[in-house]
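I opened this notebook to log what I looked up in one structure. The entries follow my own order of interest, starting from the inside.

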Amino acid sequence: MVSVVVDYLRHIESDCVVNNVGELADYIPELAAVDPDRFAVSVAVHDGHVYSIGDSSLEFTIQSISKALTYALALSLRGVETVDAHIGVEPSGEAFNEISVDARTRNPKNPMINAGAITAAALLLAPGDEDGTTDVGDVDEAFRTILDFYSGCAGRRLSLDDAVYRSETASGSRNRAIAYMLESYGVMPADPEDAVDLYFRQCSVRVTTDDLAVIGSTLANGGINPRTGRRMLDQVVVRRVLSVMTTCGMYDGAGDWVTSVGLPAKSGVGGGILAVLPGQLGIGVYSPRLDEHGNSVRGVRACRHLSADLGLHMF
Ligand code: DON
């Protein structure tokens, strides 16, 4: 069985690696310095077994894939009502770093673009409510909470890439502009500098495709990590997160993705993509060359293959 699955994944690899289209993210030197030809696919099945090929133990930064996880954590710790009062669930149809908000509420349109992700991080920093929600504390404590949570979903201890974090911080004017814009609208629930700092840290967490596949299988499995048996999220939070990933996870490429691949997913400029087949699979893919939306070119191609060949499209 193992060799059949691995042979199949190698077949995908041989089709994908001939594609040299796309550019490395280059807004910070660390992302531009990676080997553009790296490629990995990992698939975690319902019992947590992970099938993988290629550079599946190579670490890269999680980047925007973190947006789905921190949104999940904010929903868990702050409750759906509080989070909904600050972040919408409508696709924006705009680039991930667009300085945009809902015209009526002035809230970010969804948690998968930077404005919404910075707000989700800010919600973790906001003082606990009188209704007894957890007080997470300052940026260091909030990041420990984030790292514990991501690690629990991955089933192993994850760590921060300090060089990427420092570079993100040094080149983050646009994200600071977004945070201050939200503050000027009166919708930023914490200090804008702290919110952006926490967001930069979460983007700089190192993962492998095996980690992404296990995180995906935790979401596929209703919030219980199938490798550790530990419940990381309530089913109701998982449903919400997967719904928003379906409509907004691949940015302004989301419509094309849903049509062709048909799975909830989230990409990052580090070259990773996390995809989920609810009830069944978690998928992690990696290859650092990106398309015009910021999604991995080979990663999207590999997911199209998996979806078409294995009949994974949800509809
Ligand atoms: O906000 C940024 O610039 C990055 N740290 C994360 C961006 C990202 O991964 C967007 N994705 N495709």
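**Entry 1: the core**

I looked up the largest nonpolar core first, and it has 103 residues. Ile118, Ala121, Leu125, Ala195 and Val241 have the most contacts inside it. H5 gives the most to this core, with 9 residues. The core draws at least three residues from each of domain 1 (2–60 + 207–310) and domain 2 (65–205).

I noted the terms here. A nonpolar core is a set of buried Ala, Val, Leu, Ile, Met, Phe, Trp, Tyr and Cys residues joined through C-beta atoms within 7 Å. A residue is buried if 20 or more other C-beta atoms lie within 10 Å of its own, exposed if 12 or fewer, and partly exposed in between; the C-beta atoms are placed from the backbone. Helices (H or I, at least four residues) and strands (E, at least two) are DSSP runs, numbered from the N terminus.

I also noted the basis. This is a predicted model, in which local features need pLDDT of at least 70 and side-chain atom pairs count only at pLDDT 80 or more, while totals for chains, interfaces and linings use all residues. Residues are numbered from 1 along each chain as its sequence is written.

Which residues does isoleucine 118 touch, not counting residues up to four places away in sequence? I found Asn175, Ile178, Ala179, Ala195, Val196 and Tyr199. Contact here means that the C-beta atoms of two residues, placed from the backbone, lie within 7 Å.

**Entry 2: the two domains**

The assignment gives domain 1 (2–60 + 207–310) and domain 2 (65–205). Such bounds come from an automatic or database domain assignment. Their centres, taken over C-alpha atoms, are separated by 22 Å. I then checked the interface: 34 residues of domain 1 are in contact with 30 residues of domain 2. On the domain 1 side, H2, helix H10 (209–220), H11, strand E6 (265–267) and strand E7 (272–277) each supply at least two residues. H11 gives the most to that side, with 7 residues.

**Entry 3: listed binding positions**

I pulled the UniProt record, an unreviewed entry. Under "binding site" it lists Ser64, Asn114, Glu168, Asn175, Tyr199, Tyr251 and Val269. UniProt positions are given in the numbering used here, feature names are shortened, and annotations may be inferred rather than shown by experiment.

I looked at two of these. Asparagine 114 lies in helix H5. It counts as buried because it has 24 C-beta neighbours inside 10 Å. Leaving aside neighbours within four places in sequence, asparagine 114 is in contact with Phe96, Asn97, Asn175 and Ile178.

Tyrosine 251 lies in the loop between helix H11 (235–248) and helix H12 (254–260). Is tyrosine 251 buried or exposed? It is buried, with 24 C-beta neighbours inside 10 Å. With residues up to four places away excluded, tyrosine 251 touches Ala95, Phe96, His293 and Gly294.

**Entry 4: helix H7**

Glu168, from the UniProt list, took me to helix H7 (residues 162–170), where Val164, Tyr165 and Glu168 are buried. They cover an arc of only 100° around the axis, so they sit on the same side of H7. The arc is that of the directions from the helix axis to the C-beta atoms. The face turned away from the buried side carries the exposed residues Asp162 and Ala170. The buried residues of H7 pack against helix H2 (29–32), E3, E4 and helix H9 (192–203).

**Entry 5: a three-strand sheet**

I traced E3 further. 3 strands form an open sheet in the order E3-E5-E4, with antiparallel pairing. E3 and strand E4 (159–160) stand at the edges with a single partner strand each, so one side of each is left without a neighbour in the sheet. Strands pair if DSSP finds at least two bridges between them. E3 and strand E5 (residues 205–207) are joined by 2 bridges. Phenylalanine 60 has valine 207 in E5 as its bridge partner.

**Entry 6: positive phi**

Most residues other than glycine have a negative phi. I logged two exceptions.

- Glutamine 63 has a positive phi of about 50°. It lies in the loop between strand E3 (60–61) and helix H3 (65–78). It is buried, with 25 other C-beta atoms within 10 Å.
- Arginine 106 has a positive phi of about 65°. It lies in the loop between helix H4 (80–84) and helix H5 (114–125). It is partly exposed, with 13 other C-beta atoms within 10 Å.
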